[in-house]
Amino acid sequence: MNDVVVGRIRVGAVVETAGPTRPTWLFPSATPEAVERHRAWLAPHFLDGEGRLLQSVHTFVVKTPDLTVLVDTCIGNDKDRGGRRPFHMLRTGFLDNLRAAGVAPEAVDVVICTHLHVDHVGWNTRLDGGRWVPTFPRARYLFTRREWEHWTSEDEDGTRRIMADSVVPVLDAGLAELVPMDHQVTDEIRLEPTPGHTPGHVSVRLASRGADAVVTGDLMHHPVQVAEPEWQSSFDTDPVEACRTRRAFCARYADRPVTVLGTHFHHPTAGRIVSHRDAWRFAAVGPR
């Protein structure tokens, strides 16, 4: 993603993995015929020649004059995910890519996790001498209390692994804050409740000097959901609420000068929501 300027804030993306996804793996309703209806506006950025959805797993680096903030921390290395592809025991150069973008782990002030799914918390920690330690040792990690309470009440093996290696070590180190879903991080950065994908899911709203942007998190996984908000993700905790949240989000930001930053949107990632017939479309934008 080309850096986006939002008043005093600069936002960039550091990618861990990116590539094609079989549509029905992500959205059961995304049959080849249904996806093909949207080729004219999705291709080439978000749809390949074989009809596969193009996606990305990345962190957003949000820089203000005073703070360096990461929004979501991708999948992480060395994480046992029970053999579940594409998350199991990765070995990527994510931290090198982050440093190349001018962000050393020690320079991060705040980490915001939009929710606690596997591909949003992985680099919260790294393996050091057989122990999981916080990757960003100076940062305040922000998790919503509703999200934490939901996942720690789950008794599924995969969830327990994610909590044990990517969330609990941060709390044990005294670096985490459990915050409300409308938490104000700074005067220019706040959380916006967008539940449904998970109970405590939030987006991140940026507003500075009259400019506005919003990081989606997983309220949508691909731009096609702007046009098809009823397309449920296979990973939504509450599909009905997720759809309601998605429609409200699109209606709220359509035809406004608000840059939308999709947490899984492939390059160029940033864009605007525009009205189209009885729904919307996503229009990618260049650097600003």
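## The open sheet

In this predicted model, an open sheet is built from 7 strands in the order 1-2-3-4-5-8-9, and the pairing within the sheet is mixed. Its edges are formed by strand 1 (4-6) and strand 9 (176-179), each of which pairs on one side only. On average, and with direction ignored, neighbouring strands of this sheet are turned by 25 degrees against each other.

Strand 9 is joined to strand 8 (residues 140-144) in the parallel sense, over 4 bridges. Within this pairing, Tyr141 has Ala176 in strand 9 as its bridge partner.

## Helices 6 and 7 on the sheet

Helix 6 (residues 145-152) packs on the sheet and touches both strand 8 and strand 9, with a direction that makes about 70 degrees with that of strand 8. Helix 7 (residues 157-172) also packs on the sheet and touches strand 8 and strand 9, but its direction makes about 120 degrees with that of strand 8.

The two helices also pack against each other: the angle between helix 6 and helix 7 is about 135 degrees, and their axes lie 11 Å apart. Because of this angle, helix 6 counts as oblique to helix 7. The crossing of helix 6 and helix 7 is left-handed. On the side of helix 6 the contact is made by Trp148, Trp151 and Thr152, and on the side of helix 7 by Thr159, Met163, Val167, Val168 and Leu171. The residues of this contact comprise 6 nonpolar and 2 polar ones, with no charged residue among them.

## Cis peptide bonds

Most peptide bonds are trans, and most residues other than glycine have a negative phi. Against this background, the peptide bond between Ala43 and Pro44 is cis, with omega at about 0 degrees; Pro44 belongs to the loop between helix 3 (39-42) and strand 3 (53-63).

A cis peptide bond also joins His267 and Pro268, where omega is about 15 degrees. Pro268 is located in the loop between strand 13 (258-261) and strand 14 (270-276).

## Positive phi outside glycine

Cys74, although not a glycine, has a positive phi of about 65 degrees, and this residue is placed in the loop between strand 4 (68-71) and helix 4 (94-100). Cys74 counts as buried because its relative accessibility is 0%.

Asp255 likewise is a residue other than glycine with a positive phi, near 60 degrees, and Asp255 sits in the loop between helix 9 (239-253) and strand 13. With a relative accessibility of 53%, Asp255 counts as exposed, whereas Cys74 is buried.

Conventions:
Residues numbered from 1 in each chain as written. Predicted model: local features only at pLDDT ≥ 70, side-chain atom pairs only at ≥ 80, totals over all residues. Heavy atoms only, no water. Pairing = 2+ DSSP bridges. Axes fitted to C-alpha atoms, helices over the stretch in contact; angles between N-to-C directions. Contact = heavy atoms within 4.5 Å. Parallel < 35°, antiparallel > 145°, perpendicular 65-115°, else oblique. Left-handed = near helix turned anticlockwise from the far one by under 90°. Nonpolar A, V, L, I, M, F, W, Y, C, P; charged D, E, K, R; others polar. Buried < 20%, exposed > 50% of the residue type's maximum accessible area, 1.4 Å probe, protein only.
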